Amino acid sequence: MTASRTTRRHPRTRTRTGRAAAVRALALAVCLAVTALTTGCRDDTTPAWDYPRLAATLNALSTALAQGCATPDPAHCADRLDHLDTLARRAFTEVLDHRLLDQACLDAESDVRRARTLRLAATTTARSPAPDRSPAPDRSPDPSPQDPRRLALAQAVAAEQAAYRRLLAALQKVRTTPPPGAATGPA
């Protein structure tokens, strides 16, 4: 007796064609799309030490600083600077939390505090009543744009904005500088 071998296929190993193959391909494509969406689009070139929360705070500070003042009124600008102070304090706290502080940050923070103190003093002076000078009957009692108190406030606001720009630059530099021993090249 010779053994004759016949190749017998298992019923489940058949190739699928037609509608079943299309459904299976669609299901596979949906699974791949869902996987891609749930993992998100990652930028693998971003270093691990990039501090995303600090970056978001600095971006908000940068945007608020870039928007500046909508009106030429220094009193309105002074109110917007109070919002900048809140963002700057949050960013400075995050820098402290990550232990990223350097001398440039300390100097810039000191400059902001000094400029803020001067601006608050100028705001108080500008809002105080002017010496009693009766306006001429044909002139209105509105303060002149050339009023020395308004000019001092405008200069103080400009100085504080410049101090915030220096602080933002120092904090951005600290955030983007790799920590000691971090790999900076491709792995």
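Read from its N terminus onward, this protein follows the pattern α-α-α-α-α, and the model that shows this arrangement is a predicted one. The count agrees with that pattern, for there are five helices and zero strands in the protein.

Taken over the whole protein, 25% of its 187 residues count as buried. The surface that the protein exposes comes to about 13,800 Å², of which carbon and sulfur atoms supply 57%. As for how the chain meets itself, among contacts with a separation of 6 or more, 79% are accounted for by residues 24 or more positions apart.

Helix α4, which runs through residues 103-127, offers a closer view of one element: its 25 residues reach 36 Å from the first C-alpha to the last, close to the 36 Å expected at 1.5 Å a residue. The buried residues of α4 are C105, A108, E109, V112, A115, R116, R119, A122 and T123. In reading such a list it helps to recall that an α-helix has 3.6 residues a turn, so residues three or four places apart point the same way. The cover over the buried residues of α4 includes helix α3 and helix α5, the latter spanning 148-176.

Helix α3 comprises residues 74-97, and E94 is found within it. Is E94 buried or exposed? E94 has a relative accessible area of 5%, and because the cut-off for a buried residue is under 20%, E94 is counted as buried. Leaving aside residues up to four places away in sequence, E94 touches R53, L54 and T57.

Methods:
Residues numbered from 1 in each chain as written. Predicted model: local features only at pLDDT ≥ 70, side-chain atom pairs only at ≥ 80, totals over all residues. Heavy atoms only, no water. Helix = DSSP H or I, 4+ residues; strand = E, 2+ residues; numbered from the N terminus. Buried < 20%, exposed > 50% of the residue type's maximum accessible area, 1.4 Å probe, protein only. Contact = heavy atoms within 4.5 Å. Expected span 1.5 Å × (residues − 1). Areas by Shrake-Rupley, 256 points an atom, 1.4 Å probe, with all protein chains shown as cover.
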